[in-house]
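Me: I've got this one open and want to go through the fold and the pockets. Walk me through it.

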Amino acid sequence: DAILFDLGLSSLQLASDRGFSFNTDAPLDMRFDTSTGVTAEEIVNSYPKEELADLIYKLGQEHASRQIAKAIFEARGKGRIASTKQLAEIVTKAKGGRRGRIHPATKTFQALRMAVNDELGSIEQAIPRAIDQLRSGGRLAVISYHSLEDGLVKRIFKEAAKRGLVELITKKPIGPSREEAKTNPRARSAKLRIIQKI
């Protein structure tokens, strides 16, 4: 009757020693499931420079992706990049040091985490399956936290509506109120979209 997807990263994952955060020094792993897949360390140390730049630009929406990829490429020529601290320092230097509220490595770390876990691919697979599982009149709600995810959810919902499978309950995504964003800063970028099975 109802399915909810919360696409946010768990605080427990951020606090783990898998390298999701640059606030603690940890191995560059970033896998949600450590039994499978490539690690962020493997990507950082083996991808060609252009491919690395494209990944950081596309998934991190990082405009300095070329400088960052060049800096990573040069640094790994001197030795393997294996920790979050090493990578964060390389990216920060490539972007000209720390300025502003957001850490310079935020978008690069996001891009690597998304690539390692094929996050967009998982959304593309899971949402159509969830729509199939719903009863008539059942609702599917998705909370996303950045524009790449939200854009993908929007497209999947629109395609399902065009095919006559669902009705769009939210024409535009619902965001948090000012009060909620104040008491829960992590909700700031949250967007909620809802559909109903026909």
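Reply: A term first: helices (H or I, at least four residues) and strands (E, at least two) are DSSP runs, numbered from the N terminus. Also, this is a predicted model.

Me: Fine. Pockets, then. How much space lies in the largest pocket?

Reply: About 1,300 Å³. Its lining has 33 residues, and the closest to the centre are T106, Q110, R186, R188 and S189.

Me: Which elements give two or more residues to that lining?

Reply: Helices α1 (11–14), α6 (106–116) and α8 each do. The largest share is from α6, with five residues.

Me: And by class, what does the lining of the largest pocket have?

Reply: There are 13 polar residues, 11 nonpolar and nine charged in the lining of the largest pocket.

Me: What about the second largest pocket, how much space there?

Reply: About 240 Å³. Among the residues lining the second largest pocket are D6, R113, E119 and E149, along with F32 and I123.

Me: Which element gives the largest share of the lining of the second largest pocket?

Reply: That is α7, with three residues. By class, the lining of the second largest pocket splits into four nonpolar, four polar and four charged residues.

Me: Switching to the fold. How many helices and strands in the chain?

Reply: Nine helices and four strands. Along the sequence the pattern reads β-α-α-α-α-α-α-α-β-α-β-α-β. The C-alpha atoms fill a box of roughly 60 × 35 × 30 Å along the principal axes.

Me: What order do the strands have in the sheet, and is it open or closed?

Reply: The sheet is open, with the order β1-β2-β4-β3 and mixed pairing. Strands β1 (2–6) and β3 (166–168) each have a single partner strand, so one side of each has no neighbour in the sheet. From one strand to the next, the twist averages 20°.

Me: In which sense do β1 and β2 pair, parallel or antiparallel?

Reply: Parallel, with five bridges between β1 and β2 (residues 139–144). L4 has A141 in β2 as its bridge partner.

Me: Which strands does α7 touch?

Reply: Helix α7 (residues 119–133) packs on the sheet and touches β1, β2, β3 and β4 (191–197). The direction of α7 makes about 165° with that of β1. Helix α8 (residues 147–162) also packs on the sheet, touching β2, β3 and β4, and its direction makes about 15° with that of β4.

Me: Last topic, aromatics. How many pairs does a search of the whole structure find?

Reply: Two aromatic pairs. One involves F22 and F109: the ring centres are 5.1 Å apart and the planes are at 85°, so this pair is edge-to-face.

Me: Where do F22 and F109 lie?

Reply: F22 is in the loop between α1 and α2 (40–46), and F109 is in helix α6. The pair therefore ties together parts that are 87 residues apart in sequence.

Key:
Residues are numbered from 1 along each chain as its sequence is written. This is a predicted model: local features need pLDDT of at least 70, side-chain atom pairs count only at pLDDT 80 or more; totals for chains, interfaces and linings use all residues. Side-chain values use heavy atoms; hydrogens and water are left out. Two strands pair if DSSP finds at least two bridges between them. Axes are lines fitted to C-alpha atoms, for helices over the stretch in contact, and angles run from 0 to 180 degrees between N-to-C directions. Contact means heavy atoms within 4.5 Å. On a 1 Å grid over the protein atoms alone, a cavity is a set of points where a 1.4 Å probe fits but cannot get out, and a pocket is an open set with protein on both sides within 12 Å along at least five of seven lines; lining residues have an atom within 4 Å of a point. Grid points are joined across faces, edges and corners, and a volume is the space filled by probe spheres set on the points. Ala, Val, Leu, Ile, Met, Phe, Trp, Tyr, Cys and Pro count as nonpolar, Asp, Glu, Lys and Arg as charged, and the others, Gly among them, as polar. Rings of Phe, Tyr and Trp (its six-membered ring) pair if their centres lie within 6.5 Å; planes under 30 degrees apart count as stacked, over 60 as edge-to-face and the rest as tilted.
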